[in-house]
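Please open the model in a viewer and keep the sequence at hand. The tour below proceeds by selection, one stop after another.

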Amino acid sequence: MSLCPKCGKASKGLCVECFFEEHPLELADVKLCSCGVCGRIRYRDKWDARLDDVRRDVERGMKPPFEISLNKVEVKPSVDEGGLILHATLEGSYHSSKFKKELSKKIKLQKTTCPTCSRKNSGYFEAVLQFRCEMPDLPVDESQIAKIEKVRGGLDYYLLSNNYARGIASQLSKKGYEIKTSNQTFSRRDGREVYRIFYSIKKEK
Ligand SMILES: [Zn+2]
Ligand SMILES: [Zn+2]
């Protein structure tokens, strides 16, 4: 009968415990950033990352030594204040011994500022909804608002995206509001003039 050269237990070559001591299984490294202002998470250059993508990549990223065959890899990612926690359940075999292992790993989220928040900080805006009426019963997405100013006769909503502003304006127009638009050039991009759009919103009488 042959013995494990390390611990002396009956085994052909290194036993499974000693093998893992020398070749620990590790979960693949992933890099994630989070926005220090709003908390959104970026993964692989995408904001609002899905943890499911992280799970898939970590599961696929398991590269055990050739002596090990894995039958089951199950990774559960979760996020808490300290960062991303990966918890994995692995089942497989080493020569003729079966094993089951639980691994976990904590990944620190790098702090950054997402494009929406940095635009907000820089005073950037593409459109202004000029409400000159009672505020309509229509929610405006908080993350789209650069600032709100009280002016004579109503409120000005400075918005980060004109696409978004146009959507709101068109919904209001369907509800019977009177919308007038005007432009103001504010920069050139690729030789093209870029406008800020002002939507004056009134209630038809
Ligand atoms: Zn051993
Ligand atoms: Zn943000």
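**The main core.** Begin by selecting Phe125, Ala127, Leu129, Leu159 and Ala165: in this predicted model, these residues have the most contacts inside the largest nonpolar core, which has 16 residues. To see where the core draws its members from, colour β8 (127-131), β10 (154-159), α4 (162-174) and β12 (192-203), the elements that each give two or more residues to it.

**One residue within it.** Now centre the view on Ala165. Which residues does Ala165 touch, leaving aside those up to four places away in sequence? They are Ala127, Leu129, Leu159, Ile197 and Tyr199.

**A second core.** Apart from the core around Ala165 lies another, made of nine residues. Select Val58, Ala88, Leu90 and Leu109, which are among its members.

**The sheet.** Next, display the strands as a cartoon. An open sheet of five strands can be followed in the order β9-β10-β8-β12-β11, with mixed pairing. Why do β9 (145-151) and β11 (177-189) each have one side without a neighbour in the sheet? Both stand at the edges and have a single partner strand each, so one side of each is left free of a neighbouring strand. From one strand to the next, the twist averages 15°.

**Pairs of strands.** Select β8 and β10, which pair in the antiparallel sense over five bridges. Across this pairing, Gln130 stands opposite Asp156 in β10. Then add β9: β9 and β10 also run antiparallel, joined by six bridges. Here Lys150 stands opposite Leu155 in β10.

**The turn.** Follow the chain from β9 into β10. The two strands form a hairpin with two residues between them. Select Gly153 in this turn, where phi is positive, at about 90°.

**A lysine on another strand.** Move to Lys98, which lies in strand β6 (residues 97-107). Is Lys98 buried or exposed? Lys98 counts as exposed because it has 10 C-beta neighbours inside 10 Å, and the cut-off for that class is 12 or fewer. Then select Gly8 as well: Lys98 and Gly8 are 90 residues apart along the chain, and 19 Å separate their C-alpha atoms.

**The whole chain.** Finally, zoom out and colour by domain. The domain assignment gives domain 1 (16-112) and domain 2 (123-203). Taken over C-alpha atoms, the centres of domain 1 and domain 2 are separated by 44 Å.

Definitions and conventions:
Residues are numbered from 1 along each chain as its sequence is written. Chains are lettered from A and ligands numbered from 1 in the order in which they are written. This is a predicted model: local features need pLDDT of at least 70, side-chain atom pairs count only at pLDDT 80 or more; totals for chains, interfaces and linings use all residues. A nonpolar core is a set of buried Ala, Val, Leu, Ile, Met, Phe, Trp, Tyr and Cys residues joined through C-beta atoms within 7 Å. A residue is buried if 20 or more other C-beta atoms lie within 10 Å of its own, exposed if 12 or fewer, and partly exposed in between; C-beta atoms are placed from the backbone. Helices (H or I, at least four residues) and strands (E, at least two) are DSSP runs, numbered from the N terminus. Two residues are in contact if their C-beta atoms, placed from the backbone, lie within 7 Å. Two strands pair if DSSP finds at least two bridges between them. Axes are lines fitted to C-alpha atoms, for helices over the stretch in contact, and angles run from 0 to 180 degrees between N-to-C directions. Domain bounds come from an automatic or database domain assignment.
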